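Visitor: I would like a close look at one part of this protein, please. Could you pick a single residue, start from there, and walk me outward through its surroundings?

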Amino acid sequence: KFAGLKPGTGLLIDMGTEVRLRDVEVLFSSKGQTTASIYLGNNAAMSKTALSNFTLVSPSASASGAHKFPVSSSATGRYVLIWLTSLPQLTKKPQGAQSGHTYFEGKIYNVVVRGSDASGSS
């Protein structure tokens with residue numbers, strides 16, 4: 001949960017034009033659960049209040065491996081935001097060491113965005 005330092009982190013995808021989403025499929029690491037949600041917006045500016053400029057289009061879900069986020073919102077926007085709010089806790093044990101150290105790591109390997117441009121074309 002980012003040690004209380006921030007509410008989350010995200011991957012911002014510029015679609016190049018305003019879109020309406022049908023679903024977003026994300027391949028997360030299979031090493032533990034990642035919690036994420038999907039937002040859509042028109043402002044790529046990065047600030048502490050940037051998330052408030054986005055519309056939640058698929059609620060938070062915990063996943064490991066492939067996960068499809070269904071979208072039922074009619075919202076449109078140019079930027080798709082995959083917002084991570086919880087990362088898997090992992091332990092790395094250096095070779096020959098008796099114990100390891102704990103860390104948190106989120107990995108996204110592949111993203112498939114399905115929908116149409118805001119004008120209605122596929």
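Guide: Happy to. Let us start at aspartate 23, which sits in strand β1, a strand covering residues 9-28. One thing to keep in mind as we go is that this is a predicted model.

Is aspartate 23 buried or exposed? Its relative accessibility is 8%, so it counts as buried, the cut-off for that being under 20%. Which side chain does aspartate 23 meet in a polar contact? The partner is arginine 114, and the contact between the two side chains is 2.8 Å. Setting aside residues up to four places away in sequence, aspartate 23 touches Lys68, Phe69, Pro70 and Val71, and also Val112, Val113 and Arg114.

Phe69 from that list is a good next stop. Searching the whole structure turns up 1 aromatic pair. It is made by phenylalanine 28 and phenylalanine 69, whose ring centres are 6.4 Å apart and whose planes meet at 75°, so the pair is edge-to-face; planes over 60 degrees apart fall in that class. Phenylalanine 28 belongs to strand β1 and phenylalanine 69 to strand β4 (residues 66-70), so the pair ties together parts 41 residues apart in sequence. Both rings belong to buried residues: phenylalanine 28 has 2% relative accessibility, and phenylalanine 69 has 0%.

These two phenylalanines lead us into the largest nonpolar core. That core has 18 residues, and the members touching the most other members are Leu21, Phe28, Ile38, Val57 and Phe69. Two or more residues come from each of β1, β2 (34-41), β3 (54-63) and β5 (77-86). Of the elements, β1 gives the most to this core, with 5 residues. As a general background, nonpolar side chains tend to be buried together in soluble globular proteins.

Isoleucine 38 shows how the core is knitted. Not counting neighbours within four places in sequence, isoleucine 38 is in contact with Leu21 and Val24, with Thr55, Leu56, Val57 and Ser58, with Phe69, and with Val80, Leu81 and Ile82. Apart from this core lies another one, of 5 residues, including Tyr39, Phe54, Tyr79 and Leu81.

Now for β5 itself. How many of the residues of β5 are buried? The count is 8 of 10, so β5 is largely enclosed by the rest of the structure. Strand β5 pairs with β1 in the antiparallel sense over 7 bridges, and valine 19 stands opposite glycine 77 of β5. Strand β2 is also antiparallel to β5, joined to it by 7 bridges. There, tyrosine 39 has leucine 81 in β5 as its bridge partner, and both of these residues are also among the members of the 5-residue core.

Let us finish by stepping back to the whole chain. The protein chain has 8 strands and 0 helices, so to speak a run of β-β-β-β-β-β-β-β from the N terminus on. Of its 122 residues, 32% count as buried. When contacts are taken between residues at least 6 apart in sequence, 74% join residues at least 24 apart. The chain exposes about 7300 Å², with carbon and sulfur atoms supplying 49% of that area.

Definitions and conventions: Residues numbered from 1 in each chain as written. Predicted model: local features only at pLDDT ≥ 70, side-chain atom pairs only at ≥ 80, totals over all residues. Heavy atoms only, no water. Helix = DSSP H or I, 4+ residues; strand = E, 2+ residues; numbered from the N terminus. Buried < 20%, exposed > 50% of the residue type's maximum accessible area, 1.4 Å probe, protein only. Contact = heavy atoms within 4.5 Å. Areas by Shrake-Rupley, 256 points an atom, 1.4 Å probe, with all protein chains shown as cover. Polar contact = N/O pair within 3.5 Å; in protein donor to acceptor, adjacent residues only side chain to side chain. Phe/Tyr/Trp six-rings, centres within 6.5 Å; stacked < 30°, edge-to-face > 60°. Core = buried A, V, L, I, M, F, W, Y, C linked by side-chain atoms within 4.5 Å. Pairing = 2+ DSSP bridges.
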